[in-house]
2 protein chains.
Amino acid sequence: MSRWEPGTRERLEQAALELFVERGFAETTVPQITERAGVTTRTFFRHFSDKREVLFANETELPALAARMIAEAAPELSPMEIIAGGFEQVVAAQFAEGAEHFVARQSVVYADDGLREREMRKMAALTDALHQGFLTRGSDELTAALTAQVTTTIFGVAITRWMRDRGATPLPELLHDTLTHLRRVMADPGWIDAQATQPESRP
Amino acid sequence: MSRWEPGTRERLEQAALELFVERGFAETTVPQITERAGVTTRTFFRHFSDKREVLFANETELPALAARMIAEAAPELSPMEIIAGGFEQVVAAQFAEGAEHFVARQSVVYADDGLREREMRKMAALTDALHQGFLTRGSDELTAALTAQVTTTIFGVAITRWMRDRGATPLPELLHDTLTHLRRVMADPGWIDAQATQPESRP
């Protein structure tokens with residue numbers, strides 16, 4: 001049986017993010033966060049070890065989800081088919097808060113060197129989890145390394161597009177579109193000609 | 001007319017790298033470096049602002065070279081054709097010291113959090129230069145972003161392969177092979193079938 005009411009964690013996250021945006025990350029204290037969320041500091045520390053952890057609360061979930069999805073994928077699928085087939089599930093599990101939430105979070109993270117470096121390590125951990133997941137599934141080292149890095153690139157670029165237009169286009173659609181565009185960019189010229197498409201549109 | 005003999009800078013770099021490997025980065029002092037290189041500390045500071053800069057001496061050259069190569073490329077080339085066409089030139093200009101040098105440098109950089117973060121920023125600066133270079137050339141934002149990130153991925157993976165086999169295969173060959181493999185990984189299944197090839201080799 002849970003010792004705290006449902007939603008407390010989400011209220012703390014929301015209060016912290018608001019205060020980080022309003023006052024800056026360094027200037028915000030845990031008592032200010034708990035006051036806004038209407039809970040005690042003791043409750044805060046049941047959920048988070050410090051205010052920084054609020055911004056990185058789910059950081060181990062995405063690598064774990066990625067590893068599970070790779071392990072459970074149908075054996076006939078290629079690595080990029082597994083990735084493309086997981087876009088909807090990943091978004092539902094990890095990006096439910098919507099684009100505005102991530103725009104606010106990014107503005108806080110990018111304003112602080114330490115948070116930015118932590119964010120880079122978080123992306124590196126996701127890449128490592130994907131890499132290891134494909135190796136475990138039997139991919140060769142080169143395929144595993146490249147698929148992992150390209151997946152992180154697709155997520156990074158699609159999320160940037162999503163935040164830029166404030167969520168007007170659903171994130172899964174942007175992920176699929178970014179993958180399609182990357183396929184065109186990567187395709188060799190012979191393939192491009194065969195598809196009668198261009199690797200870039202010039203103004 | 002140069003006030004110092006040719007080769008001093010390279011001798012300082014070599015001496016510093018040897019000492020960083022032998023004693024550790026934090027434990028090495030500038031006087032130790034200059035003693036081994038046979039020059040005065042005054043000479044050291046004509047070339048480098050501190051010992052950290054020795055490891056990042058060429059860090060602005062690669063982004064500048066990348067920007068120049070994109071700007072001067074033939075107009076009919078696609079972004080990935082420009083990248084592939086520049087592998088030999090980039091390696092000749094930036095990786096002439098050979099694989100062993102980069103293995104030693106990497107062991108130093110990866111042993112220190114501050115150096116590792118600086119290295120990540122260096123790769124980010126290269127990605128930014130590529131991105132900006134393609135935008136300036138008239139690529140759309142999405143193509144420029146994806147080509148830039150994929151290029152950094154190809155270089156990172158190919159250099160890792162090069163260091164792992166201690167330079168046994170020339171780096172330009174590994175760059176081309178990594179690009180070819182990434183094209184296979186990215187290709188959609190229809191294209192894979194048409195080429196009668198597999199996106200990964202299973203054991």
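Helices here are DSSP runs of H or I at least four residues long, numbered from the N terminus. Keep that in mind, because every helix label below, such as α10 or α11, follows that numbering. The model itself is predicted.

Start with a loop. B:Arg166 sits between α10 (141-164) and α11 (171-186) of chain B. Its phi is near 50°, a positive value in a residue other than glycine. B:Arg166 has a relative accessibility of 47%, so the residue counts as partly exposed. Now look at the other chain. A:Arg166 is placed in the loop between α10 (141-164) and α11 (171-186) of chain A. Phi of A:Arg166 is near 55°, again positive in a residue that is not glycine. With 48% relative accessibility, A:Arg166 is partly exposed too.

Step back to the whole chain. Chain A has twelve helices and zero strands. Read from the N terminus, its elements are α after α to the end. Chain A holds 203 residues, and 50% of them are buried. The chain exposes about 9,900 Å². Carbon and sulfur atoms supply 52% of that area. Next, consider contacts between residues at least 6 apart in sequence. In chain A, 60% of these join residues at least 24 apart.

How do the two chains relate? Two copies of a chain are related by a rotation about an axis and a shift along it. Here a rotation of 180°, with 0.0 Å of shift along its axis, superposes chain A on chain B. The RMSD is 0.0 Å. That is the relation of a two-fold axis. The same surface serves both copies, since 100% of the contact residues of chain A recur in chain B.

One residue to find at a chain-to-chain contact is A:Glu117. It lies in helix α9 (residues 113-137) of chain A. A:Glu117 touches B:Glu117 and B:Arg121, leaving out residues up to four places away in sequence. Is A:Glu117 buried or exposed? Its relative accessibility is 18%, and buried means under 20%, so A:Glu117 counts as buried.

Now go inside. In soluble globular proteins, nonpolar side chains tend to be buried together. The largest nonpolar core here has 80 residues. Which of its members touch the most others? They are A:Trp162 and B:Trp162. Set aside neighbours within four places in sequence, and the contacts of A:Trp162 include A:Phe95, A:Phe102, A:Pro170, A:Leu171 and A:Leu174. Apart from this core lies another, of 21 residues. Among them are A:Leu17, A:Val30, A:Phe44 and A:Val109.

A:Ala99 is also a contact of A:Trp162. A:Ala99 is found in helix α8 (residues 99-110) of chain A. Its relative accessibility is 7%, so A:Ala99 counts as buried. Beyond residues up to four places away, A:Ala99 touches A:Trp162, A:Arg166 and A:Gly167. That brings back A:Arg166, the loop residue of chain A. Compare A:Ala99 with A:Gln89, ten residues away along the chain. Their C-alpha atoms are separated by 17 Å.

Turn to the aromatic rings. A pair of aromatic rings is described by the distance of the centres and the angle of the planes. Over all chains, the whole structure has 14 aromatic pairs. Take A:Phe44 and A:Phe48. Their ring centres are 5.6 Å apart and their planes meet at 50°, so the pair is tilted. A:Phe44 is buried, at 0% relative accessible area. A:Phe48 is buried as well, at 2%. In chain B, B:Phe44 and B:Phe48 form a tilted pair, with 5.6 Å centre to centre and 50° between the planes. B:Phe44 is buried at 0%, and B:Phe48 is buried at 4%. Back in chain A, ring pairs link A:Phe44, A:Phe45 and A:Phe48 into a cluster.

Rings can also sit under a charge. The charged end of A:Lys51 lies over the ring of A:Phe25, 4.6 Å from its centre. In chain B, B:Lys51 lies over the face of B:Phe25, at 4.6 Å from the ring centre.

Finish at helix α1 (residues 8-23) of chain A, where A:Thr8 lies. A:Thr8 has 2% relative accessibility, so the residue counts as buried. Outside its neighbours within four places in sequence, A:Thr8 is in contact with A:Val39, A:Thr43 and A:His47.

How values were computed. Residues numbered from 1 in each chain as written. Chains lettered and ligands numbered in written order. Predicted model: local features only at pLDDT ≥ 70, side-chain atom pairs only at ≥ 80, totals over all residues. Heavy atoms only, no water. Helix = DSSP H or I, 4+ residues; strand = E, 2+ residues; numbered from the N terminus. Buried < 20%, exposed > 50% of the residue type's maximum accessible area, 1.4 Å probe, protein only. Contact = heavy atoms within 4.5 Å. Areas by Shrake-Rupley, 256 points an atom, 1.4 Å probe, with all protein chains shown as cover. Phe/Tyr/Trp six-rings, centres within 6.5 Å; stacked < 30°, edge-to-face > 60°. Lys NZ or Arg CZ within 6 Å of the ring centre and 35° of its normal. Least-squares fit on C-alpha atoms with pLDDT ≥ 70 in both. Core = buried A, V, L, I, M, F, W, Y, C linked by side-chain atoms within 4.5 Å.
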